[in-house]
Amino acid sequence: MRASSSSRRSNMSSRLPPSRQLDLKPPPLARSMDAIEATLRLYFAALHECNEEKFRAMWHPQGLLLGISPDGSVVCRDHDEFCRAAMARGPSIDYAKHDTVLSIERLDDTCASAKVQIVLPASPTSLTPTFEPTCYTDWLTLLHDTAIGGWRVISKVYSGTPFEEHKGSARVLASVPVEPGAFHDLASAVWDVYVGSGRACDGVTMATIFHPCSKLTFINDNGSLSQISCNDFCAHVSGRWSSPKHLAWSHLQNDPRASSADTLLSIDFAGPNVARVTLKIGYPPFLYHDVLLMLRVSQPLCGRAGWWIVAKSSANIPFLQEDTKQ
């Protein structure tokens, strides 16, 4: 009988000298995905069990929960506000069987995005109140912050639809479809306004899509969180090529090689007014991989309703680094 491949690997490993033992640990990507999945399990458990310790183990101290209020404006809750609301909702262990991880996308070792579904009981006193059990579809952005011990949720947007159980079966009621026009409007907002104003170094126009409560968050070279406010981000857009990070590559501002890397990678809706967008943008010496969480608001802000970026996180890789000024 032939030995299985796993048996052959075990036997081979046992015959090697200690210095040549095979590394049978999962590869770094697998270990990273396992850790992300563990954080998502804590996310579900914290909300169903109303467990503050688990909440703090999965939600970043600087994390933001972002939703749409009944009047159509953006509601922003910080770590402590979200924690208090989650603990006050009441346990929902019976709903845990409906927890679903729909997708996980790992941008690099520091940034990931997950789409999940969770059913929670009514919350009539919430800033975004519900009056019956609700199935939430959430977009979560996670960052790996070594200063606090690993992967944490840094931002969340969500969409909810009524939910019912009947004789052991479950269903979502009256789910609202995403119309084709929503794709067009969102793609135009991202490409024409976000990407366009970035290329033009136009911080004023960037402020018409980057919501005032929005922050840019990323993991710095020290492995810990950096965050930039809306005002500071828009100012950075205006002065990008004179900043220390980009000054040596400022001669590439209008080089077509930089803009040729710009790519709209994905648009994925959690509901008709909630979406996640991923894209790549080249600003030498880096190619940025952005995750944008977006809400479509009906309450005009700065004279404009429609799609707004309410959270941005990013990762990057070297890009045209060798083409510095001589």
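## A strand in the middle of things

Nine of the ten residues of β11 are buried, so this strand is largely enclosed by the rest of the structure. Keep in mind while looking around that this is a predicted model.

Strand β11 covers residues 274–283 and pairs with β10 in the antiparallel sense, over seven bridges. The link between β10 and β11 is a hairpin that passes through two residues. Across this pairing, F269 has A275 of β11 as its bridge partner, and S266 has T278.

With β12, strand β11 again pairs in the antiparallel sense, here over ten bridges. These two strands also make a hairpin, with two residues between them. One of the bridges in this pairing matches G282 with L287 of β12.

## The sheet and the helices across it

Stepping back, β11 belongs to an open sheet of six strands, ordered β9-β8-β13-β12-β11-β10, with mixed pairing. The edges are taken by β9 (225–229) and β10 (263–271); each has a single partner strand, so one side of each is left without a neighbour in the sheet. On average, and ignoring direction, neighbouring strands here are turned by 20 degrees against each other.

Two helices lie across parts of this sheet. Helix α5 (residues 180–199) lies across β10, β11, β12 (286–301) and β13 (304–318), and runs at about 30 degrees to β11. Helix α7 (residues 230–238) lies across β8 (215–219), β9 and β13, and its angle to β9 is about 80 degrees.

## T278, inside β11

T278 sits in strand β11 and counts as buried, because its relative accessibility is 1% and the cut-off for buried is under 20%. Its side chain makes a polar contact of 2.5 Å with that of S266. That's the residue we met above: T278 is the bridge partner of S266.

Residues up to four places away in sequence aside, T278 touches E105, L264, L265, S266, H289, D290 and V291.

## What α7 turns inward

In α7, the buried residues are C230, F233, C234 and V237. They span an arc of only 95 degrees around the axis, which puts them on the same side of α7. The spacing helps to make sense of this: an α-helix has 3.6 residues a turn, so residues three or four places apart point the same way.

And what do the buried residues of α7 pack against? Their partners are α5, α6 (203–206), β8, β9 and β13.

## Helix α4 and its two sides

Helix α4 (residues 79–89) has H79, F82, C83 and A86 as its buried residues. Their arc around the axis is only 100 degrees, which places them on the same side of α4. On the other side of α4, R84 and A88 are exposed.

Both ends of the helix have something to look at. At the start of α4, a side-chain oxygen of D78 comes to within 3.2 Å of the backbone nitrogen of D80. After α4 comes G90, with a positive phi near 105 degrees.

## Cysteines without a disulfide

How many disulfides does the structure hold? The count is zero. C50 is in no disulfide, and the nearest cysteine sulfur, in C83, is 9.9 Å away. Seen from the other end, the sulfur of C83 has C50 as its closest cysteine sulfur, and 9.9 Å is too far for a bond.

Are C50 and C83 buried or exposed? C50 is buried, with 16% relative accessible area, and C83 is buried as well, at 4% relative accessibility.

## F319, just past the last strand of the sheet's run

F319 lies in the segment after β13. This residue counts as buried because its relative accessible area is 14%, and buried means under 20%.

Which residues does F319 contact, leaving aside its neighbours within four places in sequence? The list is R257, A258, A261, G282, Y283, P284, P285, F286 and L287. Of these, G282 and L287 are the bridge partners mentioned for β11 and β12. As for A258, F319 is 61 residues from it in sequence, while their C-alpha atoms are 8.5 Å apart in space.

Note on methods. Residues numbered from 1 in each chain as written. Predicted model: local features only at pLDDT ≥ 70, side-chain atom pairs only at ≥ 80, totals over all residues. Heavy atoms only, no water. Pairing = 2+ DSSP bridges. Helix = DSSP H or I, 4+ residues; strand = E, 2+ residues; numbered from the N terminus. Axes fitted to C-alpha atoms, helices over the stretch in contact; angles between N-to-C directions. Contact = heavy atoms within 4.5 Å. Buried < 20%, exposed > 50% of the residue type's maximum accessible area, 1.4 Å probe, protein only. Arc of directions from axis to C-beta. Polar contact = N/O pair within 3.5 Å; in protein donor to acceptor, adjacent residues only side chain to side chain. Disulfide = S-S within 2.5 Å.
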